[in-house]
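Student: I've got a model open and a pile of labels to go with it. Can we go through what earns each label?

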Amino acid sequence: MDLKKFMSKSAKVGEIYNLDHFRMGWTQNVRRLMGNELVFPPSPKVIEAVKNIADSLNWYPEDILTDIELRTSLAKYSNLPGRADWITCGNGSTEIIDMLYEAFLDEGDEIMISNPDYSPYVRRVALYGAKVVDVEPSDQDFNYTLESFKNKITPRTKMVLISRPNNPEGHFISRDLVRSLCETGILTVIDEAYVEFATDTVEDMLDEYPNLVISHTFSKAMGLAGIRLGWLVACPEIINIVNHIRTPLNVNLVARVAAIAAIEDADYIRANVKKVKADREFFYNEIQKIPGMRPIPSEANFIMVNCKESGVTASGVCDHLLEKGYLARSFVNARGLPGDQYYRVTIGTHEDVVAVLSEIKAYVNAR
Ligand SMILES: Cc1ncc(COP(=O)(O)O)c(C=O)c1O
């Protein structure tokens with residue numbers, strides 16, 4: 001039977017995302033420096049909360065719409081105390097981005113996305129019949145100008161999406177640029193997945209701009225990638241629109257209790273962030289001492305390096321690191337990252353960083 005004839009338009013254009021690196025992370029004896037996870041375990045308070053809920057897992061959770069405790073806790077963390085109606089949740093912020101597409105993009109609409117950026121952004125747009133418009137950085141450190149966005153706006157432009165700090169290269173667009181994007185009147189989606197590692201959030205602009213939408217995750221600074229929880233912050237009207245398309249009960253019970261406990265133990269998050277930032281600086285300074293290695297300044301928990309001038313390829317560096325037990329990520333002819341010259345290392349423990357630097361140095365010296 002030809003089952004393809006039943007396929008929807010979305011299924012026909014959808015691509016299966018390759019996540020082999022997570023399989024490798026789980027099944028091989030490697031240090032996971034490929035997915036920008038936190039390498040430290042969750043806070044003991046989170047572990048306790050998860051254990052305590054285990055014998056209630058026969059019950060459905062509450063839906064996020066009635067779960068006022070979780071939303072209140074998230075609103076407080078997002079500097080919006082008492083404003084739980086400014087929050088909704090997703091199964092990871094990856095789902096949040098999809099929810100925004102489903103809620104706002106129609107056939108033929110355009111969405112501007114910085115190039116490069118988090119790769120699922122681009123792949124998912126076609127499912128909703130919309131079109132990605134690439135916006136290019138203006139220099140080799142991946143800075144952006146307002147003009148590069150403005151020049152691409154057409155009557156079909158509905159949304160602009162950018163991660164701040166940006167994955168995969170780590171740069172942090174200025175507050176002024178965010179403000180100017182909001183002032184264009186299009187939906188301005190800022191993905192703050194890595195914001196705890198950076199200097200500031202733009203959440204304080206939410207009152208001024210009802211078209212500003214901010215996405216967050218528990219997967220990075222909170223060290224809870226496994227619970228799959230992201231949250232969206234925007235004015236109540238936007239939240240209400242998104243809730244129209246949200247899958248019911250999309251936040252599971254384990255995620256809910258872990259999230260509340262993680263936020264209550266904010267000191268633990270801050271302590272881990274402090275360690276990562278110190279080692280990010282260390283890595284940034286040290287990698288430059290290896291001839292031809294040019295790190296991109298990063299405000300996130302990873303550093304991308306351009307090795308074009310070093311005489312080795314990015315995939316060569318990553319293959320070597322893997323042989324030595326460190327799983328990093330190379331980008332070979334990826335969107336916005338041409339050639340085989342960019343690799344990215346998640347900042348792990350200090351020992352990880354020291355070992356990775358020493359292995360890269362040995363690899364370059366041996367060429
Ligand atoms: C910019 C950015 N946004 C979102 C995500 C996905 O986060 P989540 O685990 O919440 O789906 C990632 C993951 O690497 C990311 O880099």
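Tutor: Sure. Start with the domains: their bounds come from an automatic or database domain assignment. Here that assignment gives domain 1 (3-41 + 267-365) and domain 2 (44-265). Keep in mind that this is a predicted model.

Student: How do you know that domain 1 and domain 2 are in contact?

Tutor: Two residues are in contact if their C-beta atoms lie within 7 Å. By that test, 31 residues of domain 1 are in contact with 30 residues of domain 2. The centres of the two domains, taken over C-alpha atoms, are 23 Å apart.

Student: Which elements give two or more residues to the side of domain 1 that touches domain 2?

Tutor: They are α1 (9-13), α11 (266-287) and β10 (302-306). With seven residues, α11 gives the most to that side. Sorted by class, the residues on this side of domain 1 are 17 nonpolar, seven polar and seven charged.

Student: What makes the largest nonpolar core a core, and which of its residues touch the most other members?

Tutor: A core is a set of buried residues of certain nonpolar types, joined through C-beta atoms within 7 Å. The largest one has 100 residues, and Ala234 and Ala258 touch the most other members. Domain 1 (3-41 + 267-365) and domain 2 (44-265) both give residues to this core, so it lies between them. As background, nonpolar side chains tend to be buried together in soluble globular proteins.

Student: What does alanine 258 touch beyond its neighbours in sequence?

Tutor: Leaving aside residues within four places in sequence, alanine 258 is in contact with Pro42, Val46, Ala49, Val50, Leu224 and Ile227.

Student: Why is valine 50 called partly exposed?

Tutor: Buried takes 20 or more other C-beta atoms within 10 Å, and exposed takes 12 or fewer. Valine 50 has 18, so the label is partly exposed. This valine is found in helix α3 (residues 44-53). Its contacts, with neighbours within four places left aside, are Val254, Val257 and Ala258. The C-alpha atoms of valine 50 and alanine 259 are separated by 9.7 Å, although the two are 209 residues apart along the chain.

Student: And what makes cysteine 89 buried?

Tutor: Cysteine 89 has 28 other C-beta atoms within 10 Å, so the cut-off of 20 or more is met. Cysteine 89 is in strand β2 (residues 87-90). Not counting residues up to four places away, it touches Ile64, Leu229, Gly230, Trp231 and Val251. Valine 317 is another story: that residue and cysteine 89 are 228 residues apart in sequence and 38 Å apart in space, C-alpha to C-alpha.

Student: Why is asparagine 79 exposed, and leucine 249 partly exposed?

Tutor: Asparagine 79 has 12 other C-beta atoms within 10 Å, and exposed means 12 or fewer, so the label is exposed. Leucine 249 has 13, so leucine 249 is partly exposed.

Student: What about phi for those residues?

Tutor: Phi of asparagine 79 is near 60°, a positive value in a residue other than glycine. Phi of leucine 249 is near 55°, also a positive value in a residue other than glycine. Asparagine 79 is found in the loop between α4 (68-77) and β2, and leucine 249 in the loop between α9 (236-245) and α10 (253-264).

Student: How do you know that α5 spans what a helix should?

Tutor: The expected span is 1.5 Å times one less than the number of residues. Helix α5 (residues 93-104) has 12 residues and reaches 16 Å from first C-alpha to last, close to the 16 Å expected.

Student: And what makes α5 mostly covered?

Tutor: Nine of its 12 residues are buried. Among them are Ser93, Thr94, Ile96 and Tyr101.

Student: Which residues come nearest to the ligand?

Tutor: Of the 13 residues around the ligand, Gly92, Thr94, Asn167, Thr217 and Ser219 come nearest. By class, that shell has three nonpolar, nine polar and one charged residues.

Student: Where are the cis peptide bonds you mentioned in your notes?

Tutor: One joins asparagine 115 and proline 116, with omega about 15°. Another joins asparagine 167 and proline 168, with omega about 20°. Proline 116 is found in the loop between β3 (110-114) and α6 (120-125), and proline 168 in the loop between β5 (157-163) and α8 (175-183).

Conventions:
Residues numbered from 1 in each chain as written. Predicted model: local features only at pLDDT ≥ 70, side-chain atom pairs only at ≥ 80, totals over all residues. Near = placed C-beta within 6 Å. Nonpolar A, V, L, I, M, F, W, Y, C, P; charged D, E, K, R; others polar. Helix = DSSP H or I, 4+ residues; strand = E, 2+ residues; numbered from the N terminus.
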